[in-house]
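Here is a short briefing on a ligand site and two helix pairs. Start with the ligand, then turn to the packing.

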Amino acid sequence: MIKEKYNKKTIFSCEVFPPKRNDDIYDIFKTLDEIKLLNPDFISVTYGAGGSNSKKTATIAAYIQNICEIEALAHVTAVGLDENSLTELLSELKRKQVQNVLALRGDKPRTMTEEEFEGRYYKHASDLIKVIKEKSDDMYIAAACYPEIHPESKSREDDIRYLKLKADYGVDSFITQMFFDNDILYRFLEDIRSAGINVPVHAGIMPITKVNQLGTSVSLSGSSVPKKLSNLIAKYSEDPEGMKKAGTEYAIDQVTDLIAHGVEGIHIYSMNKSDVTSEIYKAAF
Ligand code: FAD
């Protein structure tokens with residue numbers, strides 16, 4: 001269980017996502033075999049919006065847990081789930097020896113109407129957390145948090161109040177949305193600690209290794225981009241190799257500073273790239 005890892009100074013973990021095409025599943029297994037060599041404390045697997053690809057999430061999580069022998073954290077999104085399908089999903093994960101879940105609300109999938117989204121069975125991640133805790137008290141439950149607040153939140157106070165609800169329902173840890181300026185995380189940690197949220201927080205780091213990656217990532221996450229990073233992107237707009245190197249170095253600097261500040265965990269959004277993840281780990285840990 002991930003819980004048993006918290007005696008370490010800084011927990012190291014990363015995220016992978018299931019490939020779109022079934023045939024590409026072996027590519028992700030190969031990537032995982034490479035990431036395994038770094039001996040991460042856990043590897044998380046994303047869940048397609050509205051439950052698309054959920055079978056692949058479970059298959060990949062089982063590979064991580066049973067073949068790589070690394071703790072697997074399976075993402076689960078509330079959108080698209082009701083009581084029966086949640087019970088079924090938790091049973092499937094348990095059958096596959098996966099004991100750790102990241103409980104999320106999820107966003108509206110393109111295939112869902114606004115009405116269907118609004119009428120979802122579990123409204124928020126906190127509803128999912130409460131039910132998972134009741135059904136499977138032995139599961140490790142992580143949840144998402146947003147150092148720059150969730151884009152839909154009315155205020156920072158509201159966002160932190162709902163985060164506290166997730167903690168009160170028994171979340172074991174939080175993983176942050178990506179951020180590119182560590183001071184944003186330090187301020188957030190101060191605020192949530194003074195609000196009485198004391199569970200470990202894993203800092204989510206997204207290495208920007210391609211010029212066009214930032215646009216997609218930022219529009220999805222709402223994360224702000226410091227001048228230093230936007231300057232790098234402008235500088236390497238015609239130089240993919242240079243961008244990959246500079247983006248990896250930017251992430252290494254972020255991680256080194258976070259470890260020096262005593263963060264509890266570093267979670268790399270690997271984008272299924274074992275070489276970049278490995279470089280960051282070897283340079284910063
Ligand atoms: P919630 O905690 O429900 O929060 C959503 C909004 O509602 C916030 O504004 C919050 O303040 C507010 N809120 C929370 N609780 C309440 C309440 N009880 N009453 C009223 N308002 C409330 N998406 C995927 O589809 N698949 C993934 O695998 C995936 N992985 C992710 C991993 C991480 C680490 C992160 C940070 C995000 C991930 N996402 C994923 C995206 C996530 O689904 C979206 O950010 C989504 O918009 C919110 O999910 P949440 O669990 O934070 O929702």
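A polar contact here is a pair of N or O atoms within 3.5 Å. Ala125 meets that cut-off: one of its backbone N or O atoms lies 3.1 Å from an oxygen atom of the ligand. The model is predicted.

**Polar contacts to the ligand**

- Ala125 makes its contact through the backbone.
- Tyr146 uses its side chain, with a polar atom 2.7 Å from a ligand oxygen.
- His150 also places a polar side-chain atom 2.7 Å from an oxygen atom of the ligand.

**Cover and shell**

- On its own, the ligand has 970 Å² of accessible area, and the protein covers 86% of this.
- Two strands and two helices each give two or more residues to the shell: strand E3 (71-77), strand E4 (100-104), helix H5 (125-135) and H6.
- H6 supplies the largest share, four residues.
- Around the ligand there are 25 residues, of which Tyr47, Asp107, Tyr146, Ser153 and Lys166 come nearest.
- Sorted by class, the shell holds 11 nonpolar, nine polar and five charged residues.

**Helices H6 and H7**

- H6 spans residues 156-168 and H7 spans residues 182-194.
- The two helices pack at an angle of about 60°, and their axes are 10 Å apart.
- Their crossing is right-handed.
- H6 brings Arg156, Ile160 and Leu163 to the contact, while H7 brings Arg187, Phe188, Asp191 and Ile192.
- This contact counts four nonpolar and three charged residues, with no polar ones.

**Helices H1 and H2**

- H1 covers residues 25-36, and H2 covers residues 54-67.
- Their axes come within 11 Å and cross at roughly 30°.
- The crossing of H1 and H2 is right-handed.
- From H1, the contact takes in Ile25, Ile28, Phe29, Leu32, Asp33 and Lys36.
- From H2, the contact takes in Lys56, Thr59, Ile60, Tyr63, Ile64 and Ile67.
- Eight residues of this contact are nonpolar, one is polar and three are charged.

**To take away**

- H6 appears in two settings: H6 gives four residues to the ligand shell, and H6 packs against H7.
- Tyr146 is among the residues that come nearest to the ligand, and its side chain has a polar atom 2.7 Å from a ligand oxygen.

Technical notes:
Residues numbered from 1 in each chain as written. Predicted model: local features only at pLDDT ≥ 70, side-chain atom pairs only at ≥ 80, totals over all residues. Heavy atoms only, no water. Axes fitted to C-alpha atoms, helices over the stretch in contact; angles between N-to-C directions. Left-handed = near helix turned anticlockwise from the far one by under 90°. Contact = heavy atoms within 4.5 Å. Nonpolar A, V, L, I, M, F, W, Y, C, P; charged D, E, K, R; others polar. Near = heavy atom within 4 Å. Polar contact = N/O pair within 3.5 Å; in protein donor to acceptor, adjacent residues only side chain to side chain. Areas by Shrake-Rupley, 256 points an atom, 1.4 Å probe, with all protein chains shown as cover.
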